[in-house]
Amino acid sequence: MHIQVKTIYHHCLHLGINKIRCIAMKENHILETKGVTINFNGLVAVDNVDFKLLEGESVGIIGPNGAGKTTFFNLITGFFPPTKGKIFFYGKDITNNPPHKRARMGIIRTFQLVSVFDSLSVLDNLLLSIINSSNIPPSKDNFYFAEAHKEDLKNLCLSSLSTLGLEQKAYLMTSELSYGDKRKLEIAVALSMNPKMLLLDEPFAGLSDQEIIEVSKIIKEFKKGFSMVIIEHKISRIVELVERLCVMHEGRLIAEGIPNQVLCDPLVREVYWGKEDGLVCSV
Ligand SMILES: Nc1ncnc2c1ncn2[C@@H]1O[C@H](COP(=O)(O)OP(=O)(O)OP(=O)(O)O)[C@@H](O)[C@H]1O
Ligand SMILES: [Mg+2]
């Protein structure tokens with residue numbers, strides 16, 4: 001790696017965490033990937049990636065198009081098995097666990113292209129996710145819930161939609177929402193699944209400036225509750241949201257550290273903006 005991987009202690013200092021708690025946190029990696037690699041018929045999309053995420057930490061991943069960022073999320077969430085390497089969640093080897101099992105463990109993601117059901121109402125998208133993430137098997141009697149629970153669950157969903165500013169749209173068909181509102185709904189669905197680690201793949205892609213501000217506010221508000229990894233091209237936005245920034249290039253993590261330092265690294269600047277970027281860098 002071009003930048004020395006920052007020691008956990010420096011990272012703690014940056015977060016204002018004292019040394020004793022820092023040492024306690026040292027073992028507390030919610031996620032660890034060791035040498036994770038995937039080879040698509042000769043194309044090594046993710047190459048020997050070692051990555052660690054602390055409990056409660058927010059990390060950004062940036063990198064040029066095709067760098068392997070989304071594929072890395074696909075490996076963490078179990079959409080693809082790695083060709084090589086291991087993935088640990090709270091120290092448990094989950095390399096061979098299927099996506100639904102990882103979701104039940106609290107590994108929740110959103111997608112680069114918003115992924116919600118257009119043909120359901122906004123409220124039903126959320127209800128469905130709650131049923132799905134509960135252990136209730138769908139049946140004729142409980143699919144749309146026993147009467148007694150129906151009202152409670154509906155109120156829970158409405159209150160969750162309200163925190164995201166979508167309560168007035170609860171009964172609209174999802175197809176009628178703007179892309180920004182669909183993104184908020186996708187985040188509401190992800191939050192309803194009780195994430196321990198939330199992976200957001202380009203949450204601002206396709207959003208207007210106003211929508212970016214709104215979604216950014218939502219992420220800031222919720223990120224305190226769990227660990228988070230955010231892939232994003234909008235660098236000015238991502239640096240406001242994360243404590244640590246990683247840079248991926250050609251399947252490898254080429255740098256990581258405090259966001260402003262990483263952005264000033266000459267290799268990162270060359271990979272991301274080309275040699276003569278002309279930008280002034282302040283650390
Ligand atoms: N299922 C697949 N089969 C074959 N190649 C794939 C597959 N998924 C991704 N790739 C290739 O892996 C490489 C990394 O793709 P990936 O989508 O992870 O990049 P990315 O960093 O997310 O890019 P972007 O910023 O454009 O979203 C690309 O060359 C892509 O074409
Ligand atoms: Mg991608």
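Reader: Which helix gives the most to the shell around ligand 1?
Author: In this predicted model, the shell consists of Phe40, Leu43, Ala45, Gly63, Asn65, Gly66, Ala67, Gly68, Lys69, Thr70, Thr71 and Gln112. Two elements give two or more residues to that shell, strand E2 (43-54) and helix H3 (69-77). With three residues, the element that gives the most is H3.

Reader: How many residues of the shell around ligand 1 are charged?
Author: The residues around ligand 1 include Lys69, Thr70 and Thr71. By class, the shell has four nonpolar and seven polar residues, and the number of charged residues is one.

Reader: Which strands are the edges of the sheet E2-E1-E4-E5?
Author: This sheet is open and its four strands pair antiparallel. Within it, eight bridges join strand E1 (residues 29-40) to E2, and isoleucine 38 stands opposite valine 46 in E2. The strands that pair on one side only are E2 and E5 (92-93).

Reader: What angle does the direction of H3 make with that of E2?
Author: H3 packs on the sheet and touches E1, E2 and strand E4 (84-89). Its direction and that of E2 make an angle of about 65 degrees.

Reader: Why is one side of E6 and of E10 left without a neighbour in the sheet?
Author: The open sheet of six strands has the order E6-E7-E8-E3-E9-E10, with mixed pairing. Strand E6 (107-109) and strand E10 (252-257) stand at its edges, so each has a single partner strand.

Reader: Which residue in E8 stands opposite leucine 198?
Author: Strand E7 (residues 197-201) and strand E8 (residues 227-231) pair in the parallel sense over five bridges. Opposite leucine 198, the residue in E8 is methionine 228.

Reader: Which strands does helix H11 touch?
Author: H3 lies across strand E3 (58-62), E6, E7, E8 and strand E9 (244-249), running at about 150 degrees to E7. Helix H11 (residues 266-273) also packs on the sheet, its direction making about 125 degrees with that of E10. The strands touched by H11 are E9 and E10.

Reader: Is the arrangement of H5 and H7 roughly parallel or roughly antiparallel?
Author: The axes of helix H5 (residues 122-133) and helix H7 (residues 179-192) come within 9 Å and cross at roughly 25 degrees. Angles under 35 degrees count as roughly parallel. Therefore H5 and H7 are roughly parallel.

Reader: How many charged residues are in the contact of H5 with H7?
Author: Val122, Asn125, Leu126, Ser129, Ile130 and Ser133 of H5 meet Leu185, Ala188, Val189 and Ser192 of H7. By class, the contact has six nonpolar and four polar residues, and the number of charged residues is zero.

Terms used. Residues are numbered from 1 along each chain as its sequence is written. Chains are lettered from A and ligands numbered from 1 in the order in which they are written. This is a predicted model: local features need pLDDT of at least 70, side-chain atom pairs count only at pLDDT 80 or more; totals for chains, interfaces and linings use all residues. Axes are lines fitted to C-alpha atoms, for helices over the stretch in contact, and angles run from 0 to 180 degrees between N-to-C directions. Angles under 35 degrees count as roughly parallel, over 145 as roughly antiparallel, 65 to 115 as roughly perpendicular and the rest as oblique. Two residues are in contact if their C-beta atoms, placed from the backbone, lie within 7 Å. Ala, Val, Leu, Ile, Met, Phe, Trp, Tyr, Cys and Pro count as nonpolar, Asp, Glu, Lys and Arg as charged, and the others, Gly among them, as polar. A residue is near a molecule or strand if its C-beta atom, placed from the backbone, lies within 6 Å of it. Two strands pair if DSSP finds at least two bridges between them.
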